[in-house]
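Here's a quick briefing to keep beside you while you look at the structure. It covers the chain contact, one sheet and how far to trust the model.

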Amino acid sequence: MNGAEGRTFAPFIFRTADGTGFKPHVPVRIGVWKEENSMADFEMKNITKSFPGVKALDNAHFTADKGEIVALLGENGAGKSTLIKVLCGEHKADSGEIYFEGRPLKIHGTKSAIKQGICAVYQELSLIPDLTVAENLFLGVYDTAISGRVSYQELEKKTLELFHKYGVDVIDPWTKVSALPLPKRQMLEILKALSKDGEIIIFDEATSALSDRQASWLMDIIRNLADEGKIIIFISHRLDEIKALCTKVIVYRSGTDVADLPMEEADADQLVTLMLGREIGGYYPQKECFTKEEVLVSMKNVSSGHKLKDINLDLKAGEILGVGGLAGQGQAELFMALFGLVRTTGHIRIKGKDVRLKNPRTCIREGIALIPEDRGLQGLVLAQSIRENIVMAALDRIMKGIFISEQKEKEIVDEMIKTFSIKAESPETIAGTLSGGNQQKVVLGKQLATKPDILLMFDITRGVDVGTKKEMFNVIKQYAEEGKGILFYSTDMEELVNVCNSIVVMNQGKIAGRVDRELISRENILRVSVGEKAV
Amino acid sequence: MKMKVQRHQTLIVSYLIAVILFAAISVYKPGFASIDHIRVLCSEAAIIGVVAIGQTFVIITGGIDLSVAWMVGIAAIMVTNTTHGLDENLIWAIPFILILTTLFGVVNGFCIAYLNMPPIVMTLGMNTVLQGGLVAVTQGAPGGAAPAFVKKMGQGSVIGMPYLILIWIVLAAAVTLLLFKMRYGRELFAVGNNATVAAYSGISVRKVTLTAYAVSGLTAGIAGMLLAGKVGQSYLGIGDNFQFQSIAAVAIGGTSLMGGNGNYLGTVAGAFTITIILAILAALNLPFGVQKMAYGIVVLFSVLMSVRKGLRK
């Protein structure tokens, strides 16, 4: 029994990150004697789930004990998400059993899962943009007066209590969620799940949109929850995070579990090998500088509302220019300004020519491509085929007179499928049925089909597995070598450090400074963002 | 092959429904399947089908056009009234009418795409304005007979094939090309599925939306004139049925009312289905009220199916 050895007597240790101790909210049974070879507290056994054409889960197992933080690792499409969806009642397994505290769990639908103490924070956000913060947090569980009216005072009180309990900077409970930046929304998503007081809490890529500070806040909370005796299932593609947080790791590959080991026994290389089923060489490609003299984008005193102030920036051909800084400091607006999505003042020169970037169409014609962060909302039409998506922005290139040339279309689609090694049955496969990593590749293919010279990559590796990330980094490098200019933003600082030639650091809508070549490091990016010099 | 069947499943189902309905009633009423009656049915379906061209476009964008009823009415009444029943006046009357109804569509489209009016309110309002305008201009008594050429288009045939059907076939072919082989079709489906992605792909969402409503005005204009020819005259309220029928034809044809997918060939099947249902109800000698009710229920049922399909997506 994994994890049961050596902890037959399982005392609950209370600790917090600062070591001052922790008071549990719920009474816990101290010192439960476990029988040798007894079941783990939570077990999923022989779970099989098929979809038309694919066996997503094939006789898969998952075990965890109370107080454990279990990392669930695997490539996109390995069956992690399906397993979680089976657990949360979104999918019904074809066969298999689930046990909690030795009793079988019967889960019929999502409500029944929540009732039985299973709650999840998803990568795809489930908040309703037009409702307020408070309404979203307690959606479906409003306290209502006898008349059926929602008590808004009560709602506000509970919202503030929730912020306080988990040490979150207070957000006005009555702002609409649509007005909040992505990291804040992700935090609300987490709080929403926490407010349900579940026994098994799943974090599916929950940190992918968080800043470093928020991520460490979340880790503290997760540790506290584990100390309370909850079972945490943590899914992330950031190995360093998993290393720092989890107590054991279960690896999935092709729909089944291939490893279940304590964290101390696992090293990063081994985990990657287990996930891929093969060795993977250096994760980031060797850094090289292809920067040329030609300036592709030149921004002079560009401002936009309160979000972007007085930006001066040059992007040269062959350069991979990173955009760093804490989350929400105007990086998104900078990218939007260069893709005609926000109104700006100041001068923008593209390839030495003064232009007004009034909408995405003019930008595409000028040779700019934006790869957006949210593939479901901005990147892809999920209900259409890979083919239709790939040529969507490049219709100019497939026209023959007034008609679409199927031959030209096929050439472009085939080329992009090959370049990004998109794995799909055929180009007619509906984009929404692909795994996350493959969808992101289609987004890349779609934007690069326009033959751009300037690539704006906004957090393109969010929620993408290591194998795909590696492929993406190689493609980025290849494009730099071809002389394209690349503006690269990522919430993962490690990526910025390892991919970019130079990094501009943003703070409160301004460029706080620039870090070049050898000086690039996490520390220097932070230094510059708080107004110091890189050393 | 299997994939093709899967891909066109909704289309095949739409046609199957029409064929089954037709076969069933033919057994019960032998005259139903006579060549002459089939010709009548096709002519009926043709006019619904032409109105439904624009409706298909609009519904693919995720909108709806409720103003087709009085756009059809205006075209029908103007082609009889302004020409005084004389063929030589058609030279200017036909282009004038088509430009006019297209312009009404442009106004719809402009308010919806650029001023963010909800499609239902905008087009319903437009319908009322047109109705009022027409009553005011004609002082409630439009009258007049259709010019001979218009009548010929609406009633005549060449080597046994009614002109109405020929016109419909030509239009259907053009529309199918536009939807699946031309740039506009691609843009239309992208806009209907996800306007944000379409905008990020450099598609002008507003222009595409406006164009769909303009097409709806144009096809309603064509249909109105053909209708006047078929009936031989015009009267107030001549187009009233087409509001509901055009939407129903689109929905039964498998185009999701949520927008984003659809096929005009499906709408063609929808137009036939509606015509056959109406003919069956008439053949059963049911009272007018019951006919209307049954017809309404069928439409609502098909909308229900369409919405459910959208949810599953």
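Where chains A and B touch, 19 residues come from chain A and 18 residues from chain B. Keep in mind that this is a predicted model.

**The contact, seen from chain A**
- Helix H10 (360-365), helix H11 (375-379) and strand E20 (403-404) of chain A are the elements that each put two or more residues into the side touching chain B.
- Sorted by class, that side of chain A has 15 nonpolar residues, three polar and one charged.

**A six-stranded sheet in chain A**
- Six strands of chain A line up as E18-E21-E22-E15-E23-E24, making an open sheet with mixed pairing.
- E18 (368-371) and E24 (510-516) of chain A sit at the edges with a single partner strand each, so one side of each has no neighbour in the sheet.
- On average, neighbouring strands here are turned by 20° against each other, ignoring direction.
- Within the sheet, E21 (residues 454-458) and E22 (residues 485-489) of chain A run parallel, paired over five bridges.
- Phe458(A) is found opposite Tyr489(A) in E22(A).
- Helix H16 (residues 466-481) of chain A packs on this sheet, touching E15 (320-324), E21 and E22 of chain A, and its direction makes about 150° with that of E22(A).

**How confident is the prediction?**
- Chain A has a mean pLDDT of 82, with 89% of its residues at 70 or more.
- Confidence in chain A is highest in helix H12 (residues 386-391), at 94, and lowest in strand E1 (residues 9-10), at a mean of 38.
- Over residues 1-36 of chain A, pLDDT stays under 50, and the model has 45 contacts beyond four places in sequence for that stretch.

Key:
Residues are numbered from 1 along each chain as its sequence is written. Chains are lettered from A and ligands numbered from 1 in the order in which they are written. This is a predicted model: local features need pLDDT of at least 70, side-chain atom pairs count only at pLDDT 80 or more; totals for chains, interfaces and linings use all residues. Two strands pair if DSSP finds at least two bridges between them. Helices (H or I, at least four residues) and strands (E, at least two) are DSSP runs, numbered from the N terminus. Axes are lines fitted to C-alpha atoms, for helices over the stretch in contact, and angles run from 0 to 180 degrees between N-to-C directions. Two residues are in contact if their C-beta atoms, placed from the backbone, lie within 7 Å. Ala, Val, Leu, Ile, Met, Phe, Trp, Tyr, Cys and Pro count as nonpolar, Asp, Glu, Lys and Arg as charged, and the others, Gly among them, as polar. pLDDT is the predictor's confidence in each residue, from 0 to 100.
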